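Biologist: I'd like to learn how to read a protein model feature by feature. Could you walk me through one?

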Amino acid sequence: MSDRPIYLDHSATTPLLPEVLEAMTPFFMHSFGNPASLYSLGMEARAGVEGARKSIAIAMNAAADEIIFTSGGTESDNAAIKGVAWGRNGKGHLLTTPIEHHAVLEPMHSLADLGFEIEILPVGTDGLVDPADVKRMLRPDTILVSVMHANNEIGSIQPISSIGAICREAGVLFHTDAVQSFGKLAIDVKAMNIDLLSLSAHKLYGPKGTGALYIRRGIQLRRFQEGGEQERGRRGGTLNVPGIVGLGKAVSLSIAGMEAEAARQSDLRDRFLALLMKRISGIHVTGSRVYRMPNNCHICVEGVEGEPLLLSLDMAGICASAGSACSTGSTLASGVLLAIGLPEELAKGAIRFTLGRATTWDMLSHTVDVLEMAVNGLRSLSTR
Ligand SMILES: *Cc1c(COP(=O)(O)O)cnc(C)c1O
């Protein structure tokens, strides 16, 4: 094995593709103008931004004027949720799930503090929302339903088409956090009846600190970030031109080979999982086997804790995760795992491998070797 780490944590972030860096570089250097300036240096930057906007819109079957740029997935989620609620005089009912990213859950909590009513949809042990529950829990005063497309920990893929149709029929806005799925699964905002969609560049081989929000034409959001008239008054602040150009390039590249890459990764993932189960006893697969991101392998290992296991992997140059990157440092079992009904003991042995474009079978079979040794070592310690 090489001295480069084996990176199996693509749901935490992805490496920048060289083509993306190449597309961004001119906008750090000679095309450095402010896209709001009227002279030609500004126009160059503006052309870069508008090209990216178009690529992103095409990728989800939206129009370019329905896309605004943000600082990432977190800002897009905040802008969508607070943007809907802040226009409503402090009253209204919102529905979401217990397995959302903190970028959705925290804004929901702060809206609850302001007097909004937040209700949490149930999820099954497979990590899936039942659209019938959405229908049942909608109320005349519901202002927003926010259900993520693919979960960042267990990779479950929600039936957002059905949920979108139910919301549209009821005249309720539907937001989906598609940070994990965009560029990896097919998304058509029109066919899926999506009103608001969040995405982030660094989860699809683009730069960190850049994202976008799709806002269906005609929807008025209270502006989240106040300032200048950029983005036609919908988000103040000078645009991150190189980041936006990088996001546009990353989206085009992801969309181009999407289906073939998804098939390659799910095939690798299935072989990896089969080998893990064969070599190591007491492995539980978390979440849905069917409606699952092609790159996600989330397991719980009986009788060991995730944390020491990760350390052993790290010493062997393998990057994996115990759950979401955002909650590392806490030794609590993940809220997502508890929400899908996993016993706390088992949830503490959680480990997530997320594959990417550069992942090969050699890397995965080496990982099984290392994990097998680590699990055996930890188990023999704890029974001594
Ligand atoms: C990573 C992630 C976010 C946050 O995106 P940032 O660009 O890192 O702010 C939000 N939602 C999900 C599902 C994510 O995986």
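**Domains, sheets and spaces**

Modeller: Happily! We can start with the domains: the assignment for this protein gives domain 1 (6-14 + 258-382) and domain 2 (18-256). Please keep in mind that the model is predicted.

Biologist: How far apart are the C-alpha centres of domain 1 and domain 2?

Modeller: Those centres are 28 Å apart. Where the domains touch, domain 1 brings 27 residues to the contact and domain 2 brings 33 residues.

Biologist: Now the sheets, please. What is the strand order in the open sheet of seven strands?

Modeller: A sheet is read from one edge to the other, strand by strand. Here the order is S2-S8-S7-S6-S5-S3-S4, and the pairing is mixed. S2 and strand S4 (117-120) are the edge strands, each pairing on one side only. From one strand to the next, the twist averages 20 degrees.

Biologist: Which way do strand S5 and strand S6 run, parallel or antiparallel?

Modeller: Strand S5 (residues 142-146) and strand S6 (residues 173-177) run parallel, joined by three bridges. To find your place on screen, look for Ser146, which stands opposite His175 in S6.

Biologist: Which strands does H3 lie across?

Modeller: H3 lies across S2, strand S3 (93-96), S5, S6, strand S7 (196-200) and strand S8 (211-215). Its direction makes an angle of about 160 degrees with S7.

Biologist: What about the open sheet of three strands: how are they ordered?

Modeller: That sheet has the order S9-S10-S12, with antiparallel pairing. Strand S9 (283-285) and strand S12 (350-354) each have a single partner strand, so one side of each is left without a neighbour in the sheet. Ignoring direction, neighbouring strands are turned by 30 degrees against each other on average.

Biologist: How many bridges join strand S10 to S12?

Modeller: Five bridges link S10 (residues 296-301) with S12, and the two run antiparallel. One pair to look for is His298 with its bridge partner in S12, Arg352. Helix H9 (residues 306-315) lies across S10 and S12, at about 40 degrees to S12.

Biologist: Let's turn to empty space. How many cavities of 30 Å³ or more does the structure hold?

Modeller: There is one. It holds about 200 Å³ of space. Of its 18 lining residues, the closest to the centre are Gly183, Lys184, Tyr205, Glu261 and Gln265. Helix H8 (residues 258-279) gives the most to this lining, with four residues.

Biologist: And how does the lining of the largest cavity divide by residue type?

Modeller: Six lining residues are nonpolar, nine are polar and three are charged.

Biologist: Why does the largest cavity lie between domain 1 and domain 2?

Modeller: The way to tell is to check where the lining residues come from. Both domain 1 (6-14 + 258-382) and domain 2 (18-256) give residues to the lining, so the largest cavity lies between them.

Biologist: Pockets next! How much space lies in the second largest pocket?

Modeller: About 320 Å³. Its lining has 21 residues, and those nearest the centre are Ile215, Ile219, Gln220, Leu221 and Arg234. By type, the lining splits into six nonpolar, five polar and 10 charged residues.

Biologist: Which strand and which helix each supply at least two residues of that lining?

Modeller: Strand S2 (67-70) and helix H3 (73-85) do. You have met both already: S2 is an edge strand of its sheet, and H3 lies across S2.

Definitions and conventions:
Residues numbered from 1 in each chain as written. Predicted model: local features only at pLDDT ≥ 70, side-chain atom pairs only at ≥ 80, totals over all residues. Heavy atoms only, no water. Pairing = 2+ DSSP bridges. Axes fitted to C-alpha atoms, helices over the stretch in contact; angles between N-to-C directions. Contact = heavy atoms within 4.5 Å. 1 Å grid on protein atoms, 1.4 Å probe; cavity = no way out; pocket = protein on both sides within 12 Å on 5 of 7 lines; lining within 4 Å. Points joined across faces, edges and corners; volume = space filled by probe spheres on them. Nonpolar A, V, L, I, M, F, W, Y, C, P; charged D, E, K, R; others polar. Domains from an automatic or database assignment.
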